[in-house]
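Student: I am new to this structure and would like to go through it by question and answer. Please show it first.

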Amino acid sequence: MIRASVSEAKNRLSHFIRLVRGGEVVEIMDRDTPVARIVHVSKSQGAEKEALWITEAERIGLVTPPSDKKGFPRDFFDKEKMPAGKKILEALLEEREDGR
């Protein structure tokens, strides 16, 4: 989400409209208090928040959209993969070394 002061929004409105067309959301701030939000008209209120953080996370590379709809692999929650008594950090580092 992009934040802009009232005066910046007034002076650069065309720029912010282009950003909104590209999927961004612009929040207008008045003395560090959010007072308005410019969003694309095609977005619904309920789905906006959910789609916004997912889109942003994908954009910056935190998450990758699924390549298929199969879900988790069958052995994803397999307790056999986690030896008893092992600390989570140790298991994670070992997993990284193994390339799993």
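Student: With which residue does Arg-31 form a salt bridge?

Tutor: This is a predicted model, in which local features need pLDDT of at least 70, side-chain atom pairs count only at pLDDT 80 or more, and totals for chains, interfaces and linings use all residues. Residues are numbered from 1 along each chain as its sequence is written, and side-chain values use heavy atoms, leaving out hydrogens and water. A salt bridge is a side-chain nitrogen of Lys or Arg within 4 Å of a carboxyl oxygen of Asp or Glu. For Arg-31, the closest N and O atoms are 3.8 Å apart, and the partner is Asp-30.

Student: Is Glu-27 buried or exposed?

Tutor: Buried means under 20% relative accessible area, exposed over 50%, and partly exposed in between (1.4 Å probe, protein chains only). Glu-27 has a relative accessible area of 4%, so Glu-27 is buried.

Student: Which side chain meets that of Glu-27 in a salt bridge at 3.0 Å, N to O?

Tutor: The partner counts as exposed, at 56% relative accessibility. The salt bridge, 3.0 Å from N to O, joins Glu-27 to Arg-3. Glu-27 lies in strand β2 and Arg-3 in strand β1 (strands are DSSP runs of E, at least two residues, numbered from the N terminus), so the pair ties together parts 24 residues apart in sequence. The residue asked for is Arg-3.

Student: Which residues are linked with Arg-3 in a network of salt bridges?

Tutor: One is Glu-27, whose side chain meets that of Arg-3. The network of salt bridges links Arg-3 with Glu-27 and Arg-37.

Methods:
Helices (H or I, at least four residues) and strands (E, at least two) are DSSP runs, numbered from the N terminus.
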